[in-house]
Amino acid sequence: MKLTFLGTGTSQGVPVIACDCDVCLSSDKRDKRLRSSVMISINNLNYLIDCGPDFRQQMLREQIQDIRAILFTHEHKDHLAGLDDVRAFNFKHQKDMDIYCDFNVQKALLREFPYIFSDFKYPGVPEVKVHQIDRDEPFYIDGNLFTPIEVMHYKLPVLGFRVNDLTYITDAKTISNKELEKIKGTRVLVVNALRISEHISHFNLEQALNFINEVSPEVAYLTHVSHMMGKSEDVEKQLPDHVMFAYDGLQIDV
């Protein structure tokens, strides 16, 4: 199984429009962050988690030829705004795109992309097949078990996903003990860390590190990082040896 980080930035991405801070002006590729998304590849099949506004750019950069399914964490724009561009895969492979999401995301997709779900579709619109999921029901895609993990993004439920020894969590601020049990034994943990200072709806760096200590994976990667974190090169020097910043285009074997 392989994990590709398609984007590792927060909702604004890095650099931020019109910002002249040191991070946004950095020439380090690790400080260039598209909106957060990952691709899990199993037996040559690609499963995408989230499909944000940078989806097209991410697919072109990684030269992706097919996506088997898309799993959505939650309904915020930076995680679902790229859905229209799945039509390229519809055209190439002549099949619907399977998407897996909870009821809240399904409502948001109907609101944001009504033409996709219209009874009378304009020629060329994306073709999708929606599979509704919830936090208490693990599900299989092509024989691969995906376990939803609910975290809270302030007051909004967000789904992370565990696949074998990999757990991916984004936009978390708190997690219940019940959901934490689903993560135990994870070897590779990906978790959001927005910035150094406290935030109302995201882990900051200290909280992300505390969460990593609680889960105790072999290795952990920080994602959904904003320009307020500081330069990756500088902050990474302060991290434990088994914790590092993810960056766009990073690929790891799990």
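In the predicted model, seven strands are arranged as an open sheet, following the order β7-β8-β9-β10-β11-β12-β13, with mixed pairing. Its edges are formed by β7 (139-141) and β13 (243-245), each of which pairs on one side only. On average, neighbouring strands of the sheet are turned by 25 degrees against each other, direction ignored.

Within this order, strand β11 (188-192) has β10 and β12 as its neighbours. Strand β10, comprising residues 166-168, pairs with β11 in the parallel sense through three bridges. One pair of residues that can be located along this contact is Thr 167 and its bridge partner in β11, Leu 189. On the other side, β11 and β12 are also paired in the parallel sense, here over five bridges. Val 188 of β11 is found opposite Val 219 in β12.

Strand β11 is mostly covered, five of its five residues being buried. The side chains divide between two directions: Val 188, Val 190 and Asn 192 point one way from the strand, while Leu 189 and Val 191 point the other way. Burial applies to both sets. Leu 189, the bridge partner of Thr 167, thus belongs to the pair formed with Val 191, whereas Val 188, which faces Val 219 across the β11-β12 pairing, belongs to the set that includes Asn 192.

The order of the sheet continues from β12 to the edge strand β13. Strand β12 (residues 219-223) is joined to β13 by three bridges, and the two strands run parallel. Across this pairing, Leu 222 stands opposite Phe 245 of β13. Helix α6, formed by residues 205-215, lies across β11, β12 and β13. The direction of this helix is at about 155 degrees to that of β11.

The search for enclosed space gave one cavity of 30 Å³ or more, and the volume of the largest cavity is about 50 Å³. Phe 245, the residue of β13 that stands opposite Leu 222, is also part of the lining of this cavity. Other contributions to the lining come from Val 14, Val 23, Asp 31 and Arg 33, together with Val 225, Ser 226, His 227, Met 229, Gly 230, Lys 231 and Ser 232. By residue class, the lining comprises five nonpolar, four polar and three charged residues. Among the charged residues is Lys 231, and the nonpolar ones include Met 229 and Phe 245.

Methods. Residues numbered from 1 in each chain as written. Predicted model: local features only at pLDDT ≥ 70, side-chain atom pairs only at ≥ 80, totals over all residues. Heavy atoms only, no water. Pairing = 2+ DSSP bridges. Helix = DSSP H or I, 4+ residues; strand = E, 2+ residues; numbered from the N terminus. Axes fitted to C-alpha atoms, helices over the stretch in contact; angles between N-to-C directions. Contact = heavy atoms within 4.5 Å. 1 Å grid on protein atoms, 1.4 Å probe; cavity = no way out; pocket = protein on both sides within 12 Å on 5 of 7 lines; lining within 4 Å. Points joined across faces, edges and corners; volume = space filled by probe spheres on them. Buried < 20%, exposed > 50% of the residue type's maximum accessible area, 1.4 Å probe, protein only.
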